[in-house]
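Hi,

Here is the structure I promised to pass on. Have a look through it first, and my notes on what turned up follow underneath.

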Amino acid sequence: MHVRPFKYWKKNKLLTLAGLITFIVIPNLFFKPTTGTQDTNKNKVSSSAAQCQSCHQDIYNSYLKTAHYLDSRPASASGIRGSFHPDSNLYSFNLFMQVSMLKEGNRFAQSARFNQEEMQKQYFDIVIGSGRKGQSFLYWKGNQLFQLPISYFTATNSWTNSPGFPSYPYFERPVPLNCLECHSSAARKVTSGDAVNAYDKASVMLSINCERCHGPTKEHIDHHLLNPGEKEGKFIVNPASLANREIRMDVCAVCHSGIRQHKRPPFSFKPGMSLKDHSVGLPVSNKPDTLDVHGNQYGLLAASECYKSSAVMDCSSCHNVHREEVNDPALFSARCMTCHNTEKKNFCTLETDQINLAENCIDCHMPVLPSRKIQLSTAAIKKVQSDSIRTHFISIYREQTKKILERTNLK
Ligand code: HEC
Ligand code: HEC
Ligand code: HEC
Ligand code: HEC
Ligand code: HEC
Ligand code: HEC
Ligand code: HEC
């Protein structure tokens, strides 16, 4: 969900006009009835985490509930969040063009219709997104991977035109390797003409597994199987032990610093390496009003006073990635207070007796803001809605503070 908003439809609010214009601009392709292949293209979820279970039972159990583990998987009834019920399985672009989400046995399809006639149908093969914010869906055509036109938007619990897609059912968006680099554990490209999205299907490993943050694990497992008395972990990267903070941050920044320009192929970066040899990020502005808060937690945090003034702060100062820890402001606030407390004389300087500051530092200092990049239209005629992202630019937000204090006043 990382593409610029497609503003085109905004200008065409009138139903009929939208219908007419899209009628003219739709590529011919759309009018040739085509249907996805019937063979099942089952992709595998990386099974490597299961190899850690016997020796790291607690971490393994809690990791299975995290957004990283659930981030990508084969399409299934339990994996797809949107509804296939006849009341709510339709996305209408306008009076003439619709996409229906269909359940056919244990397969799921998106069927595009023009004036009630089916023009194209493709099956959901891969789900991207745990569903915290939304999900996008991919399908195979031969060995090429494409994104389906309709996505799911959690905030409204509804189907939506995929972010950045045109205002007609578009099945031709290729899925490049950098998408899989951030949303899976492995994938190998193959040469097939000039296609950017041809893969060795068997190489695609879904989910974000332990290796993405700990590097190769074979030697570690072999060593500890042979030496059960060994108390110290060997032949494995523990990000906490990487002495250089930049290298430590890079473990997360490979996926959490926005779209990057590659110098080396996607997936060649391994934890412990320096990310700047692999790819470069786009510059981040540290002015709060110009920040784009999507997917660049690294850039925003790095621009914050906390980060700049502390030599040790990294993502683990606030996150334990082996656990699912959401909607627990008191827990995160306790982590702020490891550095900000009355003993150190750098606690919050806001003077108020209305609220207990310690319960929720984050809604005042790291508020949830609308993303400027991710905008979704949930129905063709309604307003565009922004996705909301928790900013990692830690600062003083007087507007948010005012709202929160006003809200408590009303109670
Ligand atoms: C045969 C047992 C065994 C298996 C299997 C195993 N480990 Fe370990 N691992 C250990 C032991 C023992 C330690 C040291 C004690 C500890 O930190 O828990 C360790 C430590 C670690 C550490 C910390 C290293 C450090 O320097 O602090 C990491 C990270 C790790 N293991 C990851 C993994 C991952 C990922 C897997 C699965 C791919 C895995 N381990 C599978 C036994 C095992
Ligand atoms: C391989 C890419 C990748 C790496 C490496 C990675 N992440 Fe993520 N992370 C993601 C993606 C993709 C999501 C969105 C998952 C979803 O909801 O589908 C995510 C989600 C998250 C979330 C939100 C989950 C929640 O439960 O709210 C946190 C926090 C997070 N990552 C922290 C980290 C930290 C800290 C590191 C480094 C130690 C890291 N990530 C490394 C790709 C990655
Ligand atoms: C540079 C890494 C990167 C690339 C490339 C990337 N993503 Fe993401 N994506 C992320 C991260 C990180 C998040 C979580 C961001 C957050 O919560 O702020 C995310 C979130 C998402 C989500 C929402 C997941 C949820 O459950 O909330 C979807 C859906 C998604 N991406 C789809 C895609 C698709 C499809 C592509 C490729 C066509 C893609 N992304 C390319 C890193 C990336
Ligand atoms: C998103 C990145 C990420 C993923 C995925 C991940 N880890 Fe970790 N792991 C970390 C980080 C960061 C640390 C260091 C935490 C700290 O600062 O103490 C760590 C530390 C560890 C440690 C040593 C410290 C401890 O808590 O005992 C073990 C063992 C470990 N991880 C095992 C695993 C296993 C097993 C898996 C998969 C089931 C896994 N990790 C998945 C990022 C990750
Ligand atoms: C690793 C230590 C550390 C952690 C954790 C930490 N901070 Fe900070 N923070 C600092 C340091 C150091 C400064 C610089 C000022 C100072 O010395 O107090 C700072 C500055 C600030 C400022 C002033 C920002 C500005 O632009 O002037 C605010 C507000 C703040 N922190 C809030 C928070 C909140 C809220 C959290 C938790 C979400 C947090 N901090 C977590 C170390 C930390
Ligand atoms: C000072 C504390 C702090 C640090 C450091 C920090 N985070 Fe966060 N992060 C938070 C808080 C608080 C939330 C909101 C948790 C919730 O869902 O309630 C959050 C949420 C997230 C989310 C989910 C965003 C969303 O909009 O749902 C991602 C992804 C994430 N963090 C990644 C990272 C990464 C990567 C790093 C390191 C570059 C990092 N964080 C460093 C405090 C921090
Ligand atoms: C209701 C909103 C709100 C809450 C809750 C809140 N703060 Fe603040 N905080 C503010 C505002 C506003 C200021 C600026 C006060 C001023 O200068 O008038 C501030 C100031 C600060 C400063 C000093 C910044 C500087 O100028 O150097 C720090 C550090 C800080 N807060 C940390 C925290 C931490 C840690 C927590 C949680 C324990 C917290 N705040 C809870 C709104 C809040």
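Sorted by class, the shell around ligand 7 holds twelve nonpolar, seven polar and one charged residues. That shell has 20 residues in total, and the closest to the ligand are His340, Cys348, Leu350, Cys361 and Cys364. Helix 10 (329–336), helix 11 (362–365) and helix 12 (398–410) are the elements that give it two or more residues, with helix 12 providing the largest share, four residues. Keep in mind as you read that this is a predicted model.

Ligand 4 has 18 residues around it, and here the closest are Cys52, Cys210, Cys213, Ala240 and Ser316. Two or more residues of this shell come from each of helix 2 (57–63) and helix 5 (211–214). The split by class is eleven nonpolar, six polar and one charged.

Then there is ligand 3, surrounded by 23 residues, with Gly129, Arg132, Lys133, Cys179 and Cys182 the closest. The make-up of this shell is eight nonpolar, twelve polar and three charged residues. At least two residues each come from strand 9 (134–141), helix 4 (177–183) and helix 7 (245–256); helix 4 gives the largest share, four residues.

Helix 7 deserves a few more words. Its twelve residues span 16 Å from the first C-alpha to the last, close to the 16 Å expected at 1.5 Å a residue. Which of its residues are buried? They are Arg248, Met249, Asp250, Val251, Cys252, Ala253, Val254 and Cys255, so you'll find both arginine and aspartate in the list. The cover over these buried residues includes helix 4, helix 5 and helix 8 (297–302). After the helix comes glycine 258, with a positive phi near 80°.On to the nonpolar cores. The largest has 39 residues, and the ones touching the most other members are Phe124, Ile126, Phe137, Leu138 and Tyr139. A second, separate core of 20 residues includes Ala253 and Val254, along with Leu301 and Ala303. Back in the largest core, what does leucine 138 contact, leaving aside its neighbours within four places in sequence? The list is Asp125, Ile126, Ile128, Leu145, Phe146, Gln147, Leu148 and Val175.

Now the strands. There is an open sheet of three strands in the order 2-15-14, and its pairing is mixed. Strand 2 (44–45) and strand 14 (184–186) are at the edges with a single partner strand each, so one side of each has no neighbour in the sheet. Two bridges link strand 2 to strand 15 (residues 205–206) in the parallel sense, and valine 45 sits opposite leucine 206 of strand 15.

There is a hairpin to look at too, made by strand 11 and strand 12 with four residues between them. Strand 11 (residues 150–153) and strand 12 (residues 158–161) run antiparallel and are joined by four bridges. One of the pairs is isoleucine 150 with asparagine 161 of strand 12. In the turn, asparagine 157 has a positive phi of about 45°.

That's my list; tell me what you make of it.

Cheers

Key. Residues are numbered from 1 along each chain as its sequence is written. Chains are lettered from A and ligands numbered from 1 in the order in which they are written. This is a predicted model: local features need pLDDT of at least 70, side-chain atom pairs count only at pLDDT 80 or more; totals for chains, interfaces and linings use all residues. A residue is near a molecule or strand if its C-beta atom, placed from the backbone, lies within 6 Å of it. Ala, Val, Leu, Ile, Met, Phe, Trp, Tyr, Cys and Pro count as nonpolar, Asp, Glu, Lys and Arg as charged, and the others, Gly among them, as polar. Two strands pair if DSSP finds at least two bridges between them. A nonpolar core is a set of buried Ala, Val, Leu, Ile, Met, Phe, Trp, Tyr and Cys residues joined through C-beta atoms within 7 Å. A residue is buried if 20 or more other C-beta atoms lie within 10 Å of its own, exposed if 12 or fewer, and partly exposed in between; C-beta atoms are placed from the backbone. Two residues are in contact if their C-beta atoms, placed from the backbone, lie within 7 Å. The expected span of a helix is 1.5 Å times one less than its number of residues.
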